Amino acid sequence: MFATSSAVRFDFPMTDSLPLRLKTLIIATLKLDGVGPGDIPDDEPLIGSPRFGLDSLDALELVLAIEKEYGVKIGNSEESRRALASVNTLAAYVRSQTAVA
């Protein structure tokens, strides 16, 4: 007879789904046709990037969508510029704001 354990052990890191959800939100909000979540690197700048450079209207739309989706408040233009620097910085911002709430 074989001994079995009810505990399951995984030796691989769990993936963080927040960056993926944010990328999906970015694509849907900005209507980026032909762009998938895998096409947006986590650390590539969102503002000022030649490939995904957001203009001020895009940034405003995205801020409103993030505030609605995650219940966070992005206070002013400087704060939004820092939060929207990349997907990684946006994920860190959302986490920091939801941890406070």
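**A four-helix chain, seen from V87 outwards**

A good place to enter this predicted model is V87, a residue of helix 4, the helix that covers residues 87–100. V87 counts as buried, because its relative accessibility is 0% and the cut-off for burial is under 20%. Its C-alpha atom is separated by 7.5 Å from that of L46, although V87 and L46 are 41 residues apart along the chain.

From this buried residue, the view can be widened to the whole chain. The secondary structure comes to four helices and zero strands, and reading along the sequence gives the pattern α-α-α-α. Of the 101 residues in the chain, 34% are buried.

The loop between helix 1 (17–30) and helix 2 holds a residue worth a pause, K31. The phi angle of K31 is positive, at about 50°, even though K31 is not a glycine. K31 is also exposed, because its relative accessibility of 61% lies over the 50% cut-off. In K31, then, a positive phi goes together with an exposed position in a loop.

Beyond that loop comes helix 2, where L57 is found. L57 has a relative accessible area of 51% and is therefore exposed, the cut-off being over 50%. Together with L60 and L64, L57 forms a nonpolar patch on the surface. The accessible area of L57, L60 and L64 together is about 300 Å².

One member of this patch, L60, leads on to another feature, as L60 is also among the residues that line the largest pocket. This pocket has a volume of about 190 Å³. Its lining consists of I47, L54, D55, S56, A59, L60, V63, S77, E78, S80 and R81. Which helices each supply at least two residues of this lining? They are helix 2, spanning 56–70, and helix 3, spanning 77–83. Sorted by class, the lining has five nonpolar residues, alongside three polar and three charged ones. The nonpolar side of the lining includes L60 and V63, while D55, E78 and R81 are charged.

Helix 2 thus appears in both parts of this account: it is the place of L57, a member of the nonpolar surface patch, and helix 2 also supplies at least two residues of the pocket lining. Set against the exposed L57 and the exposed K31, the buried V87 of the opening completes a first tour of the chain.

Terms used. Residues numbered from 1 in each chain as written. Predicted model: local features only at pLDDT ≥ 70, side-chain atom pairs only at ≥ 80, totals over all residues. Heavy atoms only, no water. 1 Å grid on protein atoms, 1.4 Å probe; cavity = no way out; pocket = protein on both sides within 12 Å on 5 of 7 lines; lining within 4 Å. Points joined across faces, edges and corners; volume = space filled by probe spheres on them. Patch = residues over 30% accessible without salt bridge, like charges linked within 9 Å, V, L, I, M, F, W, Y side chains within 5 Å. Areas by Shrake-Rupley, 256 points an atom, 1.4 Å probe, with all protein chains shown as cover. Salt bridge = Lys/Arg side-chain N within 4 Å of Asp/Glu carboxyl O. Buried < 20%, exposed > 50% of the residue type's maximum accessible area, 1.4 Å probe, protein only.
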